Amino acid sequence: MAWGIATAGHRDEPLFRRLLAKCVRELPANDVQGLANMMWAAGALGVHDEAFMAAAAGECCRRADDLSPQQLANVLWACGTLGWADPRAVARLGDAVSARSGGFEPQALSNCAWALAKLGVTGAARPAVYD
């Protein structure tokens, strides 16, 4: 539902915030595709909800090995777009990108690189795939 709202450009922030709150309440029941889509939708609509971002990114970090390359790209893109830069979460997601760098489409890998740069991940903290 959130993906459809964002794709349509529907700007009903109260409705969207209710969806984010519902996602947080039901976090363990959400699959990684749903979490990645919710994060992407939040980024696309520019809705920064700290509680949602912390909970959803934390859950994505715990389940990072289950995220597809595109889902990782969507999660990082949302973090970069919203300026959400929890260092431990971003490092874990960056490590997941490195571990699967060969499976990324060029655009998805580029989105990850952009997000990590936007979030200030440079030098030794940057995944080796970008060296």
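Leaving aside neighbours within four places in sequence, which residues is Arg63 in contact with? In this predicted model, the list runs to Leu27, Pro28, Asn30, Asp31, Val32 and Leu35. Arg63 itself sits in the loop between helix 4 and helix 5. Despite being an arginine in a loop, Arg63 counts as buried because its relative accessibility is 18%, and the cut-off for buried is under 20%. Closer by in sequence, the Arg63 side chain also makes a polar contact of 2.9 Å with the side chain of Glu59.

Stepping back to the whole chain, there are seven helices and zero strands, so the pattern along the sequence simply reads α-α-α-α-α-α-α. Of the 131 residues, 44% are buried. Contacts reach a fair way along the sequence: taking those between residues at least 6 apart, 74% join residues at least 24 apart. The accessible surface comes to about 6500 Å², and carbon and sulfur atoms account for 54% of that.

As for the inside, nonpolar side chains in soluble globular proteins tend to be buried together. Here the largest nonpolar core has 45 residues, and the members touching the most others are Phe16, Met39, Phe52, Met53, Leu72, Leu76 and Leu93. Helix 1 (2–8), helix 2 (13–25), helix 3 (32–45), helix 4, helix 5, helix 6 and helix 7 each give two or more residues to this core. Helix 3 gives the most, with eight. Leu72 shows how one of these members is placed: setting aside residues up to four places away in sequence, Leu72 touches Leu67, Leu93, Ala96, Val97, Arg100, Phe104 and Cys112.

Three of those partners, Leu93, Ala96 and Val97, are among the buried residues of helix 6, which also include Ala89, Val90 and Gly94. Seen down the helix axis, the buried set falls within an arc of 155°, so these residues line one face of helix 6. That buried set packs against helix 4 (50–62), helix 5 (69–82) and helix 7 (106–118). On the other side, Pro87, Arg88 and Ala99 are exposed.

The length of helix 6 checks out too. With 13 residues (87–99) at 1.5 Å a residue, helix 6 should span 18 Å, and its end C-alpha atoms are indeed 18 Å apart. At the N-terminal end, Asp86 acts as the cap, with a side-chain oxygen 3.3 Å from the backbone nitrogen of Arg88.

How values were computed. Residues numbered from 1 in each chain as written. Predicted model: local features only at pLDDT ≥ 70, side-chain atom pairs only at ≥ 80, totals over all residues. Heavy atoms only, no water. Helix = DSSP H or I, 4+ residues; strand = E, 2+ residues; numbered from the N terminus. Expected span 1.5 Å × (residues − 1). Buried < 20%, exposed > 50% of the residue type's maximum accessible area, 1.4 Å probe, protein only. Arc of directions from axis to C-beta. Contact = heavy atoms within 4.5 Å. Polar contact = N/O pair within 3.5 Å; in protein donor to acceptor, adjacent residues only side chain to side chain. Core = buried A, V, L, I, M, F, W, Y, C linked by side-chain atoms within 4.5 Å. Areas by Shrake-Rupley, 256 points an atom, 1.4 Å probe, with all protein chains shown as cover.
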